[in-house]
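I sat down with a new model today and kept notes as I went. Here they are, in the order I looked things up.

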Amino acid sequence: MEILELNHISLTYDGIVNILDDITFSVRSGEIIGIVGESGSGKSTLLHVVLGLIPDGAVTKGECFLFGRSNLERKRSELKKLRGEEVAMIFQDTGRYMNPISRIGAQYKEYLTAHGYRGRKNCLEKEKEMLSRVHLKDTERILHAYPFELSGGMRQRVGIAMAMSLKPKLLLADEPTSALDVTMQAQVVYEMMELRRKYGTSIILVTHNIGVAACMSDKLGIMQNGKLVEWGNTRDIISCPQTDYTRTLLDSVIEIDDERMAGKNE
Ligand SMILES: Nc1ncnc2c1ncn2[C@@H]1O[C@H](COP(=O)(O)OP(=O)(O)OP(=O)(O)O)[C@@H](O)[C@H]1O
Ligand SMILES: [Mg+2]
């Protein structure tokens, strides 16, 4: 079943530059999609459009169907309810979306109660369970902290824990691992794969790291200047890339691997 369908999505600011340029693709239930592309190519904007968060001043064309219904047909309140329960997002810069003067625990509880959790004890249990899944061990301290009292990587993991709490049908992950060290990256990737395995969650994973995208995703999209310049099964793209840009991206991973191997043999 297709849970997301983008039909000829374009987005411009002031009607001048095409930030997104005629993007069409679909996501099936349980699929993991990797989106890779250079900085400024429109990856985050694309995820915001899927969530129905069109930035002020932007004009869009085309249609985005979530679970078979166009976002255009949905009321604002309906879209708001969808966010979190059905579609959750891990934001690229999680700290920016947190309230700086409210403790992590209060924000987490507010998020859970807005989506049907009842009772302090229930919320606390869920918060602790999810934080330990992303290997935040000192849960009492974290829940009691203000966002600025945590490191960037810790805030990122809080954001990941919150997004995974409600077992969404679709998880939009915008550079979820960029603020994390390599061991933590692997653990977060593992938890996302578990979400798919246990609950059939579909994931759109935006990343600069084509290596992570290649090992995690079933399908891969490559973006450049607002266009989806490549789209297909990950294996096909890796074995037979169609554009020079994709070849360059893949070569850079292979070169690093080669250098590592050369280093090992010295
Ligand atoms: N609110 C805004 N007003 C005007 N232009 C914007 C706005 N938000 C984003 N843009 C522009 O849209 C383009 C795409 O931005 P976007 O954040 O989607 O890129 P990205 O691919 O996610 O980049 P990165 O890899 O650095 O996160 C950029 O040129 C950016 O300057
Ligand atoms: Mg981005």
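**Entry 1: an odd backbone angle**

I started with aspartate 22, and at 42% relative accessibility I count it as partly exposed. The model I am reading is a predicted one. I found aspartate 22 in strand β2, which covers residues 17-28. Its phi caught my eye: the value is near 55°, which is positive, and this residue is not a glycine. I reminded myself that most residues other than glycine have a negative phi.

I then looked up glutamate 175, where phi is also positive, about 50°, again in a residue that is not a glycine. Glutamate 175 sits in the loop between β7 (170-174) and α7 (182-199). Is glutamate 175 buried or exposed? I noted 5% relative accessibility for glutamate 175, and because buried means under 20%, this residue counts as buried.

**Entry 2: who surrounds ligand 1**

Next I listed the residues around ligand 1: Tyr13, Ile19, Glu38, Ser39, Gly40, Ser41, Gly42, Lys43, Ser44, Thr45, Gln92 and His208. Sorted by class, this shell has 2 nonpolar, 8 polar and 2 charged residues. Which helix gives the most to the shell? I found that it is helix α1 (residues 43-51), with 3 residues.

I also checked some distances to oxygen atoms of ligand 1. A polar side-chain atom of serine 39 is 2.6 Å from one such oxygen. For serine 41 I looked at the backbone, where a polar atom lies 3.2 Å from an oxygen of the ligand. In histidine 208, an N or O atom of the side chain is 3.0 Å from a ligand oxygen. Ligand 1 taken alone exposes 640 Å², and I noted that the protein buries 60% of that.

**Entry 3: the magnesium ion**

Which protein atoms are donors to the magnesium ion, ligand 2? I wrote down OG of Ser44 and OE1 of Gln92, lying 2.0 to 2.3 Å from the ion. Serine 44 belongs to helix α1 and glutamine 92 to the loop between β6 (87-90) and α3 (104-114), so this pair ties together parts that are 48 residues apart in sequence. I compared their cover as well: serine 44 is buried at 18% relative accessible area, while glutamine 92 is partly exposed at 39%.

**Entry 4: helices α1 and α2**

I went back to α1 and found it mostly covered, with 9 of its 9 residues buried. Among them are Leu46, Leu47, Val49 and Val50. Just after α1 comes glycine 52, and its phi is positive, near 80°.

In helix α2 (residues 76-85), I noted Leu79, Leu82 and Gly84 as the buried residues. What covers these buried residues of α2? My list includes α1, β4 (58-66), β6 and α3.

**Entry 5: a threonine in a loop**

My last stop was threonine 243, in the loop between α9 (234-239) and α10 (244-265). Its relative accessible area is 19%, so I count threonine 243 as buried. Leaving out residues up to four places away in sequence, I found that threonine 243 touches Val229 and Glu230. Valine 229 is 14 residues from threonine 243 in sequence, and their C-alpha atoms are 7.5 Å apart in space.

How values were computed
Residues are numbered from 1 along each chain as its sequence is written. Chains are lettered from A and ligands numbered from 1 in the order in which they are written. This is a predicted model: local features need pLDDT of at least 70, side-chain atom pairs count only at pLDDT 80 or more; totals for chains, interfaces and linings use all residues. Side-chain values use heavy atoms; hydrogens and water are left out. A residue is near a molecule or strand if one of its heavy atoms lies within 4 Å of it. A polar contact is a pair of N or O atoms within 3.5 Å; within protein, one must be able to donate a hydrogen and the other to accept it, and residues adjacent in sequence count only if both atoms are side-chain atoms. Accessible areas come from the Shrake-Rupley method with a 1.4 Å probe; for residues, only the protein chains shown count as cover. Helices (H or I, at least four residues) and strands (E, at least two) are DSSP runs, numbered from the N terminus. Ala, Val, Leu, Ile, Met, Phe, Trp, Tyr, Cys and Pro count as nonpolar, Asp, Glu, Lys and Arg as charged, and the others, Gly among them, as polar. Buried means under 20% relative accessible area, exposed over 50%, partly exposed in between (1.4 Å probe, protein chains only). Contact means heavy atoms within 4.5 Å. Donors are N, O and S atoms within 2.8 Å of the metal (3.2 Å for Na, K and Ca); water is not among the atoms, so sites may look incomplete.
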